[in-house]
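Reader: I'm new to this structure and don't want the grand tour yet. Please give me a close look at one part: the aromatic rings and what sits around them.

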Amino acid sequence: MPRYGASLRQSCPRSGREQGQDGTAGAPGLLWMGLVLALALALALALALSDSRVLWAPAEAHPLSPQGHPARLHRIVPRLRDVFGWGNLTCPICKGLFTAINLGLKKEPNVARVGSVAIKLCNLLKIAPPAVCQSIVHLFEDDMVEVWRRSVLSPSEACGLLLGSTCGHWDIFSSWNISLPTVPKPPPKPPSPPAPGAPVSRILFLTDLHWDHDYLEGTDPDCADPLCCRRGSGLPPASRPGAGYWGEYSKCDLPLRTLESLLSGLGPAGPFDMVYWTGDIPAHDVWHQTRQDQLRALTTVTALVRKFLGPVPVYPAVGNHESTPVNSFPPPFIEGNHSSRWLYEAMAKAWEPWLPAEALRTLRCI
């Protein structure tokens, strides 16, 4: 597999747990490997949940850091130092840890044991509430261990991401080799503005609708979980209002009625020549999503778009939240139940009225 492929599953036994393999739990060396692997899994889960954490700071106009994942990793490092007493988490120590991860992966560790330690680390580092830690580890553990086995960064690259460029360098383009034609590149031409009276197109752009099937008015919009305003969030303190009828600017996604109101109002606002729809349809409850949940969101919201926008051409794109586990898009050569074909086939069927045959073939990875 290419080094920088997305999360994957391979058509092979899923884990030692399913094969009845219990490994050598009593061996200190393998326990240490399991601990280090679990640490890597806990860090990965922190990044998986970090997209939801954008919703935790409604007072900030731009809660996302421009540095992305490396900045989030830097915020986790102080917790590691406090919890494990690593007051001096140096570059050599970091590289030693990730070297141990690489060795542990070659030992084909027991995934269930690694997941168990990862849950404890998730709780210890306070990455999420205990119930969320348990659910998201169980959802991610098979995929994450397999990805680390087949697409792991080198210790220098991993520590460069974690501690900064002085410890190592991660160049995502380092293994790419693109052959360019010998034809000289044409000189650039400044764009010419359209002439007065030139045709104008009106384009509607839809993105990040994030329908929460479990949204519940009156619940706590600032609960302990990464996503609130839903069944299980509990009631807010008497001093604070609960989730609103149409939604809440807090750690919450949207009820279906809000999406219906939005889309129904867009019809009279038209006409539009085309619609760009760039995905992220399901909610941010990434710790216990199922394929059925994702497909329900896809078909339900697609039906609403078709209902209210009528015959306008819609050009949809796949968002990072469409799959489960979140961000998991195996490359086409991963086949069988471990592939993403379940998602792409459903999208092709739902979006067939909008897309030409060539686009549908691309979507199905044929």
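Author: Let's begin with a term. A charge is said to sit over a ring when NZ of Lys or CZ of Arg is within 6 Å of the ring centre and within 35 degrees of the ring normal. Keep in mind, too, that you're looking at a predicted model.

Now go to Tyr245. The charged end of Arg257 sits over the ring of Tyr245, 4.0 Å from its centre. Tyr245 has another partner in Trp246, and theirs is one of 4 aromatic pairs in the structure. What kind of pair do Tyr245 and Trp246 make? Their ring centres are 4.9 Å apart and the planes meet at 90 degrees, so this one is edge-to-face, the label for planes over 60 degrees apart. As for cover, Tyr245 has a relative accessible area of 40%, which lies between the 20% and 50% cut-offs, so it counts as partly exposed. Trp246, at 48%, is partly exposed as well, because that value also falls in between.

Another edge-to-face pair joins Tyr276 and Tyr315, with 6.5 Å from centre to centre and 65 degrees between the planes. This pair ties together distant parts of the chain: Tyr276 belongs to strand S2 and Tyr315 to strand S3, 39 residues apart. Tyr276 is partly exposed, with 36% relative accessibility, and Tyr315 is partly exposed too, at 39%.

Those tyrosines bring us to the sheet. It's an open one with 3 strands in the order S1-S2-S3, paired in parallel. At its edges are S1 (203-206) and S3 (314-316), each pairing on one side only. From one strand to the next, the twist averages 15 degrees. In general, the strands of a sheet pair through backbone hydrogen bonds, in either a parallel or an antiparallel way. Here, S1 and S2 (residues 274-277) are joined over 4 bridges, and Leu206 has Trp277 in S2 as its bridge partner. Lying across S1, S2 and S3 is helix H9 (residues 291-309), which runs at about 160 degrees to S2.

Trp277 leads on to more rings, since it forms one aromatic cluster with Trp351 and Trp354. One member of that cluster, Trp354, has an arginine over its face: Arg306, at 5.0 Å from the ring centre.

One more stop, back towards the tyrosine where we started. Gly218 lies in the loop between S1 and helix H8 (256-269). What does Gly218 touch, leaving aside neighbours within four places in sequence? It is in contact with Leu235, Pro236, Gly242 and Ala243. Although Gly218 and Ala243 are 25 residues apart along the chain, 4.5 Å separates their C-alpha atoms. Gly218 is partly exposed, with a relative accessible area of 26%.

To place all this in the whole chain: there are 11 helices and 3 strands, and from the N terminus they run α-α-α-α-α-α-α-β-α-β-α-β-α-α. Buried residues make up 44% of the 366. Links between distant positions aren't confined to the tyrosine pair in the sheet, either: among contacts with a separation of 6 or more, 75% are between residues 24 or more positions apart.

Note on methods. Residues numbered from 1 in each chain as written. Predicted model: local features only at pLDDT ≥ 70, side-chain atom pairs only at ≥ 80, totals over all residues. Heavy atoms only, no water. Helix = DSSP H or I, 4+ residues; strand = E, 2+ residues; numbered from the N terminus. Buried < 20%, exposed > 50% of the residue type's maximum accessible area, 1.4 Å probe, protein only. Contact = heavy atoms within 4.5 Å. Pairing = 2+ DSSP bridges. Axes fitted to C-alpha atoms, helices over the stretch in contact; angles between N-to-C directions. Phe/Tyr/Trp six-rings, centres within 6.5 Å; stacked < 30°, edge-to-face > 60°.
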